[in-house]
Each structure stands twice: as structure tokens, then as C-alpha cells.
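Trainee: I've got a new model open and I'd like to learn how to read it. Could you take me through some of its features?

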Amino acid sequence: MTLLPHDRYCDEIAHQVGLLRTVVTSGADLSATVPTCPDWSMERLVRHTGGALRWAESMVRTRAREAVPEDRVPLGEGPGNAAELDAWLAETGDLLVATLREAGPDAEVWSWAGIPTSGFWARRMTHELTIHRADAALAAGQPYEVAADIAADAIDEWLQIVEFAQRTMPHDAARELRGPGRSIHLHATDGTWGTVVELTEDVIVRRPGHEKATVALRGPLTAVLLAFYRRLPLDSPELEVLGERELLDFWLERATFG
């Protein structure tokens with residue numbers, strides 16, 4: 001699959017940070033539970049997201065050859081009120097974007113997914129933000145949309161991570177996502193995007209396009225993204241599941257990421 005340009009990821013990180021800041025400063029209750037991350041309050045969600053961005057920034061800036069210990073990075077320990085949290089988040093986004101732009105996509109940096117480049121972290125943090133901004137918007141009762149190229153890339157990145165887990169983590173839940181003769185078709189009804197995920201005896205095979213599958217998930221691309229990340233119920237009115245829904249439920253239970 002073709003990645004988006006490095007500058008596109010950098011631009012989207014800045015954009016998503018701005019949108020997340022809007023939720024923080026919109027009067028949303030920062031102590032309220034986030035339904036899609038029920039162990040977290042809104043404040044904890046924002047702290048976690050900002051902390052992840054700072055962790056990635058630290059690794060790219062230092063060209064880390066191994067994971068930077070979390071106690072060296074202010075992971076989720078930002079200030080306590082909306083204005084200060086907003087300022088901390090803005091500074092976080094500026095730091096990460098500047099560091100990623102300076103590094104470019106090919107700087108050697110440790111990663112946990114077998115892609116030891118700064119480009120991996122640009123992509124990963126784009127989608128960390130894309131999904132957790134959805135968590136925040138849904139918790140605040142605000143509308144959520146994401147650009148089509150980002151939504152499609154977020155799904156593809158997740159599938160790539162599942163494939164990596166199947167290849168390298170034999171005890172991970174993703175090992176159960178094997179077995180020939182089963183497939184999932186993701187179909188955006190508001191454009192031409194589609195992808196097919198074929199389960200095999202080894203690792204999943206993913207390919208763009210539209211074809212008959214064991215089960216199909218259809219709907220607007222943003223809704224398909226949210227459902228695939230278990231942020232939107234499969235029985236939501238904007239979605240349609242055709243075929244063996246049990247396979248899709250089975251997949252989502254074992255391949256949840258983010």
C-alpha cells in the first residue's frame with residue numbers, strides 16, 4: 001500500500017491537534033467519562049494523547065535506537081484546567097510537527113512495528129490523533145469527520161499492524177485471525193474506496209478494491225473507520241453489514257488497536 005507524503009502527515013497532525021484543542025476549549029466536561037474509552041475521563045484522554053505525541057517527539061528528536069523510558073517524557077501530566085491543558089496541547093503539537101519536518105521521513109528511529117524510521121512515527125501519531133480526537137468528539141456530543149485520505153490510511157495502517165503481529169507475536173490475539181476461505185470487504189459508499197482483507201493460514205492479505213467476501217461492512221468512509229476501530233456500533237443506521245456478521249464481530253474483538 002502507498003503511504004501518504006510525509007508533509008501530509010505533518011499537516012494532519014497540526015490539524016488534528018487544533019481540532020482536539022477545540023473540543024478542550026468548547027466547554028466540554030473534562031471530568032466526564034469517555035464512552036469509547038470507559039476507563040478514562042476526557043482530561044485523561046487528552047493527557048494520554050498529548051503524552052504519546054511528546055514520547056514520539058522525544059524519540060525522533062534524539063534518533064532513539066530503543067524505546068525512550070516513559071519516565072523521561074511528560075506522558076499525560078499536563079496542567080489541570082482547560083486553558084492550561086489547551087496551551088500544553090498546542091505546544092506539544094508544535095514540537096512534534098517541527099521535529100518531524102526537520103527529520104524527514106527516513107531518519108533512523110526505533111519503532112515497535114519493524115519500521116525503524118521517523119516516517120513511521122509521523123504516520124502513527126497522525127492516526128493516534130485521528131482516533132482519539134474521535135473519542136473526544138463523541139464524548140462531547142460533537143460531530144466528527146476526517147479527510148478521506150486520512151481515514152483510508154488509518155484503516156490500512158491498522159491492517160498492517162495486524163499483519164505485523166501475526167508475523168512476529170505468535171501469542172497475540174491476532175494469531176486467531178487465521179484460516180483460509182474467509183474474507184472481509186470494507187466498502188465506502190460515499191466514494192470509490194474499498195479494501196478486501198483475506199484471512200489465510202499465515203498472515204492476512206489486504207488489497208484495494210471491491211469483491212464478494214464472507215462479510216461486507218458498508219457505509220460512509222468515516223463511519224467505516226469508526227466502526228472498524230470499535231468507536232461506532234455495527235448496528236448504527238449509517239452502516240450496513242452484509243453476510244456473516246459473526247466473522248466481523250470475531251475480527252473486531254481480536255484485532256482492536258488504538
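Mentor: Sure. Let's begin with what a contact is: two residues touch when they have heavy atoms within 4.5 Å. Keep in mind that this is a predicted model.

Trainee: Okay, let's use that on a helix pair. Which residues in H1 meet which residues in H4?

Mentor: From H1, the list is His-6, Tyr-9, Glu-12, Ile-13, Gln-16, Val-17, Leu-19, Leu-20 and Val-23. Facing them in H4 are Ser-118, Gly-119, Ala-122, Arg-123, Met-125, Thr-126, His-127, Leu-129, Thr-130, Arg-133 and Ala-136. By type, the residues of this contact split into 10 nonpolar, seven polar and three charged.

Trainee: At what angle do H1 and H4 pack?

Mentor: Helix H1 (residues 6-24) and helix H4 (residues 118-139) pack at about 25 degrees, and their axes are 9 Å apart. Angles under 35 degrees count as roughly parallel, so H1 is roughly parallel to H4. The crossing of H1 and H4 is left-handed.

Trainee: Now the sheet. In what order do the strands come?

Mentor: The order is S5-S4-S3-S6-S7, five strands in an open sheet with mixed pairing. At the edges you'll find strand S5 (205-208) and strand S7 (240-243), each of which pairs on one side only. From one strand to the next, the twist averages 15 degrees.

Trainee: And what does "mixed" look like if I zoom in on S6?

Mentor: Check both of its neighbours. S6 pairs with S3 in the parallel sense, over five bridges. Between strand S6 (residues 215-219) and S7 the run is antiparallel, with four bridges joining them.

Trainee: Which residues stand opposite each other there?

Mentor: On the S7 side, Ala-216 stands opposite Leu-242, and Leu-217 stands opposite Val-241. On the S3 side, His-187 stands opposite Arg-218 in S6. As a general idea, side chains in a regular strand alternate between the two faces of the sheet.

Trainee: How many residues of S6 are buried?

Mentor: Here, buried means under 20% relative accessible area. Four of the five residues of S6 are buried, so S6 is largely enclosed by the rest of the structure.

Trainee: Which helices pack on the sheet?

Mentor: Helix H5 (residues 148-168) does, and it touches strand S3 (182-188), strand S4 (194-199) and S5. The direction of H5 makes about 160 degrees with that of S5. Then there's helix H6 (residues 221-228), which lies across S3 and S6 and runs at about 130 degrees to S6.

Trainee: Can we pick one residue in H6 and see what surrounds it?

Mentor: Try Ala-227, which is found in H6. With a relative accessible area of 1%, Ala-227 is buried. Leaving out residues up to four places away in sequence, Ala-227 touches Leu-217, Leu-232, Leu-234, Leu-239 and Leu-252. Take Leu-217, the residue opposite Val-241 in S7: Ala-227 and Leu-217 are 10 residues apart in sequence and 8.8 Å apart in space, C-alpha to C-alpha.

Trainee: Let me try one from H2. What does Ser-58 touch?

Mentor: Ser-58, in helix H2, touches Val-68 and Val-73, again not counting residues up to four places away in sequence. Its relative accessible area is 12%, so Ser-58 is buried.

Trainee: What about backbone angles? Which residues have a positive phi although they are not glycine?

Mentor: Two to look at are Arg-63, with a phi of about 50 degrees, and Arg-230, with a phi of about 60 degrees. Arg-63 sits in the loop between helix H2 (42-62) and helix H3 (82-103), while Arg-230 is in the loop between H6 and S7. Arg-63 is partly exposed at 28% relative accessible area, and Arg-230 is partly exposed at 45%.

Trainee: One last loop residue: is Thr-192 buried or exposed?

Mentor: Thr-192 counts as exposed, at 75% relative accessibility. You'll find Thr-192 in the loop between S3 and S4. For a sense of distance, Thr-192 and Met-59 are 133 residues apart along the chain, and their C-alpha atoms are separated by 37 Å.

How values were computed
Residues are numbered from 1 along each chain as its sequence is written. This is a predicted model: local features need pLDDT of at least 70, side-chain atom pairs count only at pLDDT 80 or more; totals for chains, interfaces and linings use all residues. Side-chain values use heavy atoms; hydrogens and water are left out. Two strands pair if DSSP finds at least two bridges between them. Helices (H or I, at least four residues) and strands (E, at least two) are DSSP runs, numbered from the N terminus. Axes are lines fitted to C-alpha atoms, for helices over the stretch in contact, and angles run from 0 to 180 degrees between N-to-C directions. Angles under 35 degrees count as roughly parallel, over 145 as roughly antiparallel, 65 to 115 as roughly perpendicular and the rest as oblique. A crossing is left-handed if the near helix is turned anticlockwise from the far one by less than a right angle, and right-handed if clockwise. Ala, Val, Leu, Ile, Met, Phe, Trp, Tyr, Cys and Pro count as nonpolar, Asp, Glu, Lys and Arg as charged, and the others, Gly among them, as polar. Buried means under 20% relative accessible area, exposed over 50%, partly exposed in between (1.4 Å probe, protein chains only).
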